[in-house]
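Colleague: Please take a close look at one part of this model for me, the place where its two domains meet. I would like one connected account.

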Amino acid sequence: MRSVIDIVDLTTEELDELIKTAVDIINNPNKYSEICRGKKLATLFFEPSTRTRMSFEAAMYELGGHVISMTDAGSSSAAKGESVADTAKTVSCYTDIIAMRHPKEGAAYVAAKAASIPVINAGDGGHCHPTQTLADLLTIYREKGGFDNLTVGLCGDLKFGRTVHSLINALSRYNGIKYVLISPEELKLPSYVKADSIKSKNIPYTQTTDLESAMPELDILYMTRVQRERFFNEEDYLRLKDSYILTPDKLKNAKADLSIMHPLPRVNEISAAIDDDPRACYFKQVLNGKYMRMALIIKLLKEAGTI
Ligand code: NCD
């Protein structure tokens, strides 16, 4: 059974195909409004979420399907000690596809092994978040017209920020990509991500702690939240949480066509004064996430022979 646990589960051709489907959904929503009629999506969220869960649910409704949802692990049998594998087997009896978020790295993989229906990883701990990357890719595609020759600044919590890990893997497949990795020393990109997705492909990158000096060369600035829930102690979080706060004055040397992205939720990383700047793309990412999740649900249910 085909599941999507990591962005590496999708080939570059498939990423391009999902973007094509999403663009077609945007242009011809009626064509897709009954495609999942009578089918059910389960959203299993063992961690907080607003956008990811609701966009999956909105996606399934807009495809004519239904949704059943577990939003609070405390009210499910997980609280009695049920394993992720048993939960996945159980939910396979009720629905056609699962979107799951869990605080433990690898949990979605375990669920996919046990389930008899497709499982989509909606974020597993500090590991990866492939469908946020789909949202990010459609946003970049719509803003920039493609992915080649972009200088991409990734700023904030590059260590625990799972969206960054998945996005780097995806963008590294295109030509002429350059990265500027901007983070405090303690929150640098994990070496496995650097080795697998940057160094192995000889992609040029620089690492810095200084956002402002990096600004002029960036085509994309991807801001991230310091991931409080992954810290071992609150003191470290408090010390690092406001490392980068993007305010209008910090953009004075930025390109006129910079795309400012953030997977959201933001805490302090981007001042609300930037929201009306035409370069702000973070609420576009929210909407694009729904279209890409629609495209992914269609793809996986077609491959499973469900639709
Ligand atoms: C992100 C996540 O859950 O990793 N949020 C999201 O899905 N849009 C980013 C975050 O929580 O900081």
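Modeller: Start with E47 and R230. They form a salt bridge, and their closest N and O atoms are 2.8 Å apart. Keep in mind that this is a predicted model. Across the interface of domain 1 and domain 2, the rule finds two salt bridges. Polar contacts add to the picture: 11 residue pairs are in polar contact between domain 1 and domain 2, both residues at pLDDT 80 or more.

Which elements supply the side of domain 1 that touches domain 2? Two strands are on the list, β3 (97–102) and β4 (119–124). The helices are α1 (12–27), α3 (51–62) and α11 (282–303). Each of these five supplies at least two residues. The largest share comes from α1, with eight residues. By type, this side of domain 1 divides into 16 nonpolar, 10 polar and six charged residues.

Now the domains themselves. The domain assignment gives domain 1 two segments, 7–128 and 289–303. Domain 2 covers 130–285. Their centres, taken over C-alpha atoms, are separated by 25 Å. In the contact between them, 32 residues belong to domain 1 and 26 to domain 2. The area buried between the two domains is about 2200 Å². Carbon and sulfur atoms give 61% of that area.

The ligand comes next. What surrounds it? The residues around the ligand include T52 and R101, and also Q132, R162, T163, R225 and Q227. H129 is on the list as well, along with P263, L264 and P265. By the domain assignment, T52 and R101 fall in domain 1, while R225 and L264 fall in domain 2.

Three polar approaches to the ligand stand out for a close look. A polar side-chain atom of R101 lies 3.0 Å from a ligand oxygen. In H129, a side-chain N or O atom is 2.7 Å from an oxygen atom of the ligand. L264 uses its backbone instead: one of its N or O atoms lies 2.9 Å from a nitrogen atom of the ligand.

Back to salt bridges, for the wider count. By this rule there are 22. One of them joins R239 to D236, with the closest N and O atoms 3.1 Å apart. Both residues lie in helix α10 (residues 234–240). They are three residues apart, about one turn of the helix. The E47 and R230 pair, by contrast, joins domain 1 to domain 2.

Note on methods
Residues are numbered from 1 along each chain as its sequence is written. This is a predicted model: local features need pLDDT of at least 70, side-chain atom pairs count only at pLDDT 80 or more; totals for chains, interfaces and linings use all residues. Side-chain values use heavy atoms; hydrogens and water are left out. Domain bounds come from an automatic or database domain assignment. Contact means heavy atoms within 4.5 Å. Buried area is the accessible area (1.4 Å probe) that two parts lose on being put together, summed over both. A salt bridge is a side-chain nitrogen of Lys or Arg within 4 Å of a carboxyl oxygen of Asp or Glu. A polar contact is a pair of N or O atoms within 3.5 Å; within protein, one must be able to donate a hydrogen and the other to accept it, and residues adjacent in sequence count only if both atoms are side-chain atoms. Helices (H or I, at least four residues) and strands (E, at least two) are DSSP runs, numbered from the N terminus. Ala, Val, Leu, Ile, Met, Phe, Trp, Tyr, Cys and Pro count as nonpolar, Asp, Glu, Lys and Arg as charged, and the others, Gly among them, as polar. A residue is near a molecule or strand if one of its heavy atoms lies within 4 Å of it.
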